[in-house]
Amino acid sequence: MKRRGFFKTSLGAGIAAGAALSLGRYNRVWASNGTGAKYDLVAVMGGDPDEMFDLGIQELGGMGNFVSKGQRVLIKPNIGWDVTPDLAANTNPLLVKRIIEHCLKAGAREVYIFDHTIDNWINTYRNSGIEKAAKMAGAKVAPANSEKYYHEITIPTAVKLKNAKVHELLLETDVFINVPVLKDHSSTRITCAMKNAMGIVWNRGYWHANNLHQCIADYALFKKKPALNVIDCYNVIAKHGPQGVSKEDVVQMKSQILTTDWVAGDAAAARMLGIAPEKIDYILIAHKMGIGNIKLESLNIKRIKM
Amino acid sequence: MTSAFLRRLRIVFSAVVLVCFIYIFAEFRTLIQPEYIKYLLYLQFIPSIIKFIDIKSLAAGGFLIVLLLTLVTGRTYCSFLCPLGIGQDVFSRIGGTIRKKFRRFGYKRPHTVVRYSVLVLVIAGTFIWGMYFINLLDPYSIFGRSILFFIKPVILVLNNFLAGILGRFDNYALHHLEIKGYNLMAYAIPAGFFILTGLLSLTKGRLYCNMICPVGTFLGLVSRLSLFRIKADENKCTRCGRCSVVCKSSCIDFLNHEIDVSRCVNCFDCIYSCPDKALSYGFIGNTREEKKSDESRRRFIAGSIMLFLGLSGSGRAQERGIPVPRRESTVKEEKNCPVSPPGAGSISDFNNRCTACGLCISVCPNDVLQPAIMQYGLAGYMQPVMDYHKGFCQYNCTLCTEICPTFALKPLLPEAKKLTQIGKVIFIKDNCIVKTEKTACGACSEACPTKAVFMIPYEGSLVIPETNQEICIGCGHCEFSCPTVPYKAIYVNGNPVHQASKKPDIGKPGVSVPDDFPF
């Protein structure tokens with residue numbers, strides 16, 4: 001079987017399995033990918049984070065394409081580091097706020113926010129500005145500081161990460177929206193959509209000790225996939241990532257990438273930092289495992305400049 | 001001032017003080033502002049003295065206020081301000097409720113030899129051997145450790161129970177908190193004193209305060225000069241003995257109308273209990289009679305003071321020669337020096353000022369401060385030490401330096417703290433995942449706030465850590481994050497004397513703002 005053939009087959013199987021496993025809840029999302037949205041990926045440049053999202057989600061047919069009335073939504077930003085928003089180590093709070101507003105407008109019953117922070121979680125939630133922004137928009141900001149909140153899952157098709165403990169809200173909610181921030185990374189070179197999942201699991205150390213790139217790709221096989229990835233490229237840490245040392249490390253790119261395919265999202269994000277996606281192991285591995293598409297040329301991309 | 005008002009005042013006041021103290025020692029991390037904690041700690045006797053010796057300023061003059069208070073009113077401190085004393089009153093109350101009919105305190109003779117011996121031992125021992133006896137016997141610190149080690153876990157269990165119930169209703173107002181114990185060896189002394197003070201107060205009232213507590217004994221001496229005291233009116237007294245029965249200090253000899261002022265802690269229970277209103281609290285006047293026994297006590301005290309002065313001289317001579325404590329080689333990494341908390345200045349200064357109250361351990365948001373076992377040597381037992389297997393020091397956090405009541409940890413502004421090197425990073429390449437497993441990791445570099453740990457090209461597309469000790473501040477985030485077991489591939493060795501680190505490398509990244517989408 002040729003690689004493309006394998007890719008198509010596994011994607012098809014993945015969709016079928018995903019739809020079946022989520023008991024039909026995702027039917028609309030998958031349907032929207034086929035009919036509702038015209039694009040695989042929407043990239044916006046030149047505006048504020050919230051304005052760019054307004055335009056981007058419109059091109060994908062509106063939030064109603066992803067969230068139905070009465071559904072419970074999980075929005076997972078990157079809230080890893082106890083730093084202020086201008087240092088760009090966490091997702092932009094303005095963007096998080098606007099996504100929540102769109103979800104509630106689309107009829108979401110409840111919107112949740114959490115991240116398994118690296119620094120002390122109370123301080124990180126507060127100083128990142130995300131807790132305040134999310135509460136103002138009407139979301140519930142949930143703790144993720146204790147193993148109590150995590151439940152064992154299995155990823156049978158994984159190579160290294162066959163078991164993990166994930167936050168209960170990922171399992172309980174109907175829709176998962178991934179909202180990473182693009183950053184330079186000292187080890188994996190970039191951190192973005194797929195690597196953002198390290199804040200969903202309890203034991204990150206396992207990933208580091210057991211082939212980090214493979215584990216990142218492995219996790220992306222888990223059945224509960226993001227319905228939408230909104231990649232924040234407004235302020236981007238281009239040096240000393242993923243934490244940054246000073247404001248000097250931040251490049252203001254004023255961009256945003258929206259896609260249902262987190263491999264394609266990571267590939268586009270890598271290009272933003274001037275890195276060929278194939279050079280980043282976990283993106284290539286994920287592509288080869290059929291999780292998504294690294295080949296941006298073959299995608300239908302909408303580019304908007306404000 | 002004969003009314004029961006004084007007793008009621010004492011109960012309300014001390015209840016507020018006790019709740020505040022329990023709150024600061026058991027608080028849920030960062031809910032409380034450090035400046036409020038300072039007010040509460042200002043009047044704590046021993047911490048205030050240690051801080052005063054250090055900074056020689058009235059900003060640490062709380063103990064002078066306590067001395068003045070004692071000279072005027074007697075041992076009011078023990079019932080109104082000492083958290084250990086108030087805590088024992090609670091136990092005493094519980095004990096009284098359990099054995100209502102059977103408990104009678106009654107008059108007892110003072111444990112003169114024991115209490116003055118302990119006082120002399122603490123003062124002399126501190127000058128000769130360092131903080132060991134203060135750490136052991138400072139009432140504020142005993143209280144702090146009791147809360148930290150034994151009460152806080154109970155509060156956390158309650159919190160988690162409530163958080164679990166709320167969680168079922170999709171409410172996150174309370175959140176689950178991990179109950180993390182300390183090294184079992186650290187529990188020995190706190191447990192001993194918790195049981196000792198608990199049992200003594202349950203059955204014998206304030207016996208601990210009048211037999212062992214060095215602050216109680218010292219303030220007892222001062223209170224012999226106090227202007228206001230509890231007096232008995234011999235004309236009104238019917239010698240019913242009720243006052244003596246309720247006296248937690250067992251210091252009322254009702255037959256002779258004598259009240260041992262050195263043991264009286266001004267709880268005012270006796271005044272409240274007297275049916276004939278024969279007891280009152282007021283100005284003593286000039287009619288005080290000298291008792292015979294005072295003569296021998298005075299000689300003992302004078303002798304003690306001479307002994308103390310003499311010993312203090314020799315103690316100082318020895319102090320200079322004390323070597324920096326070395327950590328014993330029981331730990332996995334080859335650390336030859338423990339890491340002391342930021343603001344400590346140097347390990348020897350720190351060991352000589354810390355009373356091991358545990359407040360910094362309790363407020364540390366990252367659990368990196370742990371009670372030391374033998375890392376600092378015997379004198380540093382229970383003092384906080386940085387344990388990078390339990391946590392790491394948050395780059396922008398200065399909480400422990402802000403709340404230390406003795407100035408063992410001196411206040412640091414965040415900017416100064418970010419340039420204070422408490423230890424240096426050491427990388428063991430042979431332990432590193434990148435070398436042993438030939439896979440990417442970089443957890444250490446990712447965590448490093450100054451990029452003193454950075455990645456350089458290794459085999460193929462792999463990158464491997466490299467260190468720059470000059471900009472390392474010793475926060476230990478690299479050691480904490482390193483996933484290798486049982487030995488870490490990267491660790492921090494303490495600086496015996498804290499140093500200034502160089503500023504991290506700051507320069508523009510090579511990436512520019514894209515004009516158009518690069519895809």
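P242(A) sits in the loop that runs between strand 10 (228-237) and strand 11 of chain A, and in this predicted model the peptide bond leading into it from G241(A) is cis, with omega near 5°. Beyond that loop, strand 11 of chain A carries S255(A), a residue that counts as buried because 25 other C-beta atoms lie within 10 Å, where 20 or more are required. The C-alpha atom of S255(A) is separated by 4.8 Å from that of C233(A), although the two residues are 22 residues apart along the chain. When its neighbours within four places in sequence are left aside, S255(A) is in contact with C233(A) and Y234(A), and also with A43(A), V44(A), M45(A) and M272(A).

Strand 11 of chain A also takes part in the meeting of the two chains. In all, 43 residues of chain A are in contact with 38 residues of chain B. On the chain A side, at least two residues each come from strand 1 (41-45), helix 5 (121-127), helix 8 (204-209), helix 9 (212-219), strand 11 (250-259) and helix 10 (262-272). The character of this side is mixed, since its residues divide into 17 nonpolar, 16 polar and ten charged. For the model as a whole, the scores are ipTM 0.85 and pTM 0.84.

Chain A itself is built from eleven helices and twelve strands, and 58% of its 306 residues count as buried. Among the contacts in chain A with a separation of 6 or more, 75% are accounted for by residues 24 or more positions apart.

The interior can be followed through the largest nonpolar core, which has 227 residues and in which I75(A) and I177(A) are the residues with the most contacts. Helix 10 of chain A gives the most to this core, namely eight residues. The surroundings of I177(A) show which segments meet there: leaving aside neighbours within four places in sequence, I177(A) is in contact with V73(A), L74(A) and I75(A), with I99(A), and with P226(A), A227(A), L228(A) and V230(A).

Turning to chain B, its secondary structure comes to 22 helices and ten strands, and buried residues make up 46% of its 519 residues. Of the contacts in chain B between residues at least 6 apart in sequence, 73% join residues at least 24 apart.

One helix pair of chain B can be described in detail. The axes of helix 1 (residues 5-26) and helix 6 (residues 83-98) of chain B come within 9 Å and cross at roughly 110°, an angle that makes helix 1 of chain B roughly perpendicular to helix 6 of chain B. Where they meet, helix 1 of chain B supplies S14(B), V17(B), L18(B) and F21(B), while helix 6 of chain B supplies P83(B), I86(B), G87(B) and D89(B). By class, this contact has five nonpolar, two polar and one charged residues.

Chain B also has some backbone details in its loops. The peptide bond from V485(B) to P486(B) is cis, with omega near -10°, and P486(B) lies in the loop between helix 22 (477-481) and strand 10 (490-500) of chain B. F407(B), which lies in the loop between helix 18 (399-403) and helix 19 (414-417) of chain B, has a phi near 70°, a positive value in a residue other than glycine. Despite its place in a loop, F407(B) counts as buried because it has 23 C-beta neighbours inside 10 Å. K451(B) likewise is not a glycine but has a positive phi of about 60°; it is found in the loop between helix 21 (443-447) and strand 8 (453-457) of chain B, and its 22 other C-beta atoms within 10 Å are why K451(B) is classed as buried.

Some parts of chain B call for caution. Chain B averages a pLDDT of 86, and 88% of the residues score at least 70, but over residues 287-292 of chain B the pLDDT is below 50, and this stretch has zero contacts in the model beyond near neighbours in sequence. Over residues 310-331 of chain B, pLDDT likewise stays under 50, and here the model has 25 contacts beyond four places in sequence. Where pLDDT is low, the predicted coordinates should not be read in detail.

Definitions and conventions
Residues numbered from 1 in each chain as written. Chains lettered and ligands numbered in written order. Predicted model: local features only at pLDDT ≥ 70, side-chain atom pairs only at ≥ 80, totals over all residues. Contact = placed C-beta atoms within 7 Å. Helix = DSSP H or I, 4+ residues; strand = E, 2+ residues; numbered from the N terminus. Nonpolar A, V, L, I, M, F, W, Y, C, P; charged D, E, K, R; others polar. Core = buried A, V, L, I, M, F, W, Y, C linked by C-beta atoms within 7 Å. Buried ≥ 20, exposed ≤ 12 C-beta atoms within 10 Å, placed from the backbone. Axes fitted to C-alpha atoms, helices over the stretch in contact; angles between N-to-C directions. Parallel < 35°, antiparallel > 145°, perpendicular 65-115°, else oblique. pLDDT = per-residue confidence, 0-100.
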